[in-house]
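Hi,

Here is the structure I promised to pass on. Have a look at it first, and then read my notes below.

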Amino acid sequence: MVNPGIEKRRLAALERLGILDTPPEERFERLTRIAKHYYGVKTALFSVLDAERQWFKSRQGLDESETPRSVAFCDYAIQQDKILLVEDAAKDPRFRNNPLVTGKPHIRFYAGMPVREPSGFKIGTLCIIDDKPRKFTEIELDVLRSLASIVEDELERAFLSTTTGEYVKVSHLSRAIHRAQNVFLTSDNEHAAFELMLNDLLALTGSQFGFIGEVLQRNDDAPFLKIGAITNIAWSPETQALYQEVERRGMIFDRLDNILGLPMTTGEVIVSDSVASDSRAKGLPEGHPHITAYIGIPVFSGDRQIGLIGLANRLGGYTARLAEELEPLMQTVGNLIERKRLYQEKREHQKHLEQAANYDALTGLPNRRRMTELFEQELFEANQRQGLVSVCFIDLDGFKDINDLHGHAVGDAVLKSVADRLLASVRAHDVVARLGGDEFVAILRDVNDERVYARLLEAISQPINYKRNVLHLSGSMGVTVYPEDDSDTDQLLRHADQAMYAAKEAGKNNYVLFDLDSHYSRKERIKVIEQMGTALELGQLELYYQPKIHFGKQRVEGFEALIRWNHPEDGLLGPGHFLDHIEYTEYARKVGNFVLGEAITQLQEFQSNGLPYTISVNLSPSHFLGPGFRDDLEAALCDCPVAIRSHLILEVLETTALDDTDRVLENVSACRELGVDVSLDDFGTGYSSLDLFRRLAAQEIKIDRSFVFDMLDNPDSDMIVSAIISLSKSFRRRLVAEGIESAEVEAKLIELGCELGQGFFYSKPLPLKQALDWAQRFDWQNRDTRNDWVI
């Protein structure tokens, strides 16, 4: 933020230079031409910044002679001591909505080096501009620094060659008028505008003291003067005290019977060259500076007096002739003050509209719209510094009860108190916003300690005293941290909101960090569901086959068909990457029907080629338990001979059998009626009762691989496998052990009486042709050689 005192001195130094609104000079034109040619840019400027505008002392490649300071890139540049480099203004939150970027000259690249006047104040810049993004290093901009240094040398040379200490002559009146127009028409700082105009008047007339103000009317139509600017130079401690008192009172002159106020009643110029003996000087307040000569000049707009200018202590005194010479400026000032009033009314109205559009009317905090803008800037700056941004979504617990019990006035007071407490709990650069209702958001920069989050909730939970009521409430907060959560502003807010609901469910009055792992799992689920329809349509799904070995017959009995996805981007995906994501969706049934259709088609080809193999397929729990399963199975088997159907084995998880026993028993019976075998898969992982085992008409039991894998080393697993084999024999069920990876495990299973086995000891799942080739080459005596095919 610009320091008003320093800015005032900077503007005074600029005024002393006398270069504003002067014609182009070759000494500066030559330097901007060099800059434009050397860097190959569209525009090069020597830009000077006064209070309200950016004026170009020298310009190459630009038609305009000035722009408002409010849109000037150079205004940013003079706030720092090095080159301001903007590689792409369209991506910079500070400039992307700037009319010089969105409109002519369509600035995309800017580099500006501050230029200082001889006493050290930065008055402007030497800058280069282009309409396309560029990348320059600091070293590449050394030439710009050198050229700016030459500009400073030229300014110093010109300054030293002129006579110092002389006041500006009345012949410079036109320049003062021009400055007055610029100040009043472009400034939204009324006090600064009056200050600059008073400085001009003092310089033009050679006066020591002065004031300038607006004449206003009280309710009884009595005029009074609202001071816009008053001199406070070289006053004594007594006059300084008076000045401060006047400033505290709002700088109001309401005496109409002394030399200062008399022009407000007469409308005439008042001149006095001997104020000490002038009877009209009565009533000057104690501590008023000593005045030797004075002139009071009324200011008019049309025939209405709207202002008053007082000047004092001019060497040689004042004459009415001086007022006449100043008349063009007085007329300009009168018109401008009147226009300024209208402009101020418009500005106030606009300010109210902007306040309403960007800030919450109750708490004064940024609303969602303004918060989004600040949020985007925080993310941009975090990327620049490689920092963090914590997004804290806060919802008040118990606020509705307070509102219902005590009324909306109390509820509003509570919201204001919460807003104040949140602001007091964060740093100046952090953002606190109200989204509406009892929802707040805090955007915190570079927080590495979670105790900061707890401090926000502690602030909210402190009792609130309001009109003899002691109110208690708390907050639930969700937090997500950028860039670990690498999302845009909308997504980050949603994620923090989701975490807030988790905090509510966890008991309120606490905070929960957003679960990124669960989020990515949900994203993957959505991705799979969105792509599965295309995968089915384009034939990207394929069955791989793992051989099942009959121990007694010492040959390949059949295959288990396992689904794979030939993903166009991610390559070959196993079922673990997508089956869980489509469970309980329409695609669980569609994929299940695809698998059934492929398996039955393949069994028919086996029969045509004289191959006796069976095929086992895994059924999705939601598909098997769904109401349309029997119809789907009948449709798949409609062209399949009965003799082939018995070679199809449908594998149902034991845990599925426990989910809906009646439906499972019904569908297993349907499979038997249609001539299809059923296998109880992953047996041992559930908690089936003997009664269910007895009633479940499954022809095959598959021992879960987790027990088979470590049965030689884990007595519990060995005992479970032995029990399952014994139970299966008692109920005359076919038995398959999956997950066999060694000859020792195979031998143990054969010893216990297991009939069939499958696992990597024999073969990994293979594409159909490779699986059939493997089966043709299978040799029981040499079965312990691994294949090298990939899953």
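**What turned up**

Cysteines first: there are zero disulfides in the whole structure. Keep in mind that this is a predicted model. Cys-74 is not in a disulfide, and its nearest cysteine sulfur belongs to Cys-127, 4.0 Å away. Since a disulfide needs the two sulfurs within 2.5 Å, the 4.0 Å between Cys-74 and Cys-127 does not qualify. Cys-74 counts as buried, at 1% relative accessibility, and Cys-127 is buried too, with a relative accessible area of 1%.

Next, the sheet. Six strands make up an open, antiparallel sheet, in the order E9-E8-E7-E12-E11-E10. Strands E9 (252–253) and E10 (270–272) stand at the edges; each has a single partner strand, so one side of each has no neighbour in the sheet. Within the sheet, E11 (residues 294–301) pairs with E12 (residues 304–312) through eight bridges, in the antiparallel sense. If you want a spot to zoom in on, Phe-300 has Gln-305 in E12 as its bridge partner. Helix H7 (residues 190–205) lies across E7 (209–217), E8 (223–230) and E12, and runs at about 130 degrees to E7.

Which residues of helix H14 (residues 451–461) are buried? They are Val-452, Tyr-453, Leu-456, Leu-457, Ala-459 and Ile-460. These cover an arc of only 155 degrees around the axis, so they sit on the same side of H14. Their cover includes helix H13 (408–425) as well as strands E13 (389–397), E15 (439–445), E18 (474–482) and E19 (511–513).

Last, the aromatics. The structure has 17 aromatic pairs. In one of them, Tyr-76 and Phe-95, the ring centres are 4.7 Å apart and the planes are at 70 degrees, which makes the pair edge-to-face because the angle is over 60 degrees. This pair links distant parts of the chain, 19 residues apart: Tyr-76 is in helix H3 (residues 73–77), and Phe-95 is in the loop between strand E4 (84–86) and helix H4 (99–102). Tyr-76 is partly exposed, at 38% relative accessible area, whereas Phe-95 counts as buried, at 1%.

Phe-624 and Phe-629 also form an edge-to-face pair, with 5.0 Å from centre to centre and 65 degrees between the planes; both of these residues are buried. There is a cluster to look at as well: ring pairs link Tyr-38, Tyr-39, Phe-109 and Phe-136.

Cheers

Methods
Residues are numbered from 1 along each chain as its sequence is written. This is a predicted model: local features need pLDDT of at least 70, side-chain atom pairs count only at pLDDT 80 or more; totals for chains, interfaces and linings use all residues. Side-chain values use heavy atoms; hydrogens and water are left out. Buried means under 20% relative accessible area, exposed over 50%, partly exposed in between (1.4 Å probe, protein chains only). Two strands pair if DSSP finds at least two bridges between them. Helices (H or I, at least four residues) and strands (E, at least two) are DSSP runs, numbered from the N terminus. Contact means heavy atoms within 4.5 Å. Axes are lines fitted to C-alpha atoms, for helices over the stretch in contact, and angles run from 0 to 180 degrees between N-to-C directions. The arc is that of the directions from the helix axis to the C-beta atoms. Rings of Phe, Tyr and Trp (its six-membered ring) pair if their centres lie within 6.5 Å; planes under 30 degrees apart count as stacked, over 60 as edge-to-face and the rest as tilted.
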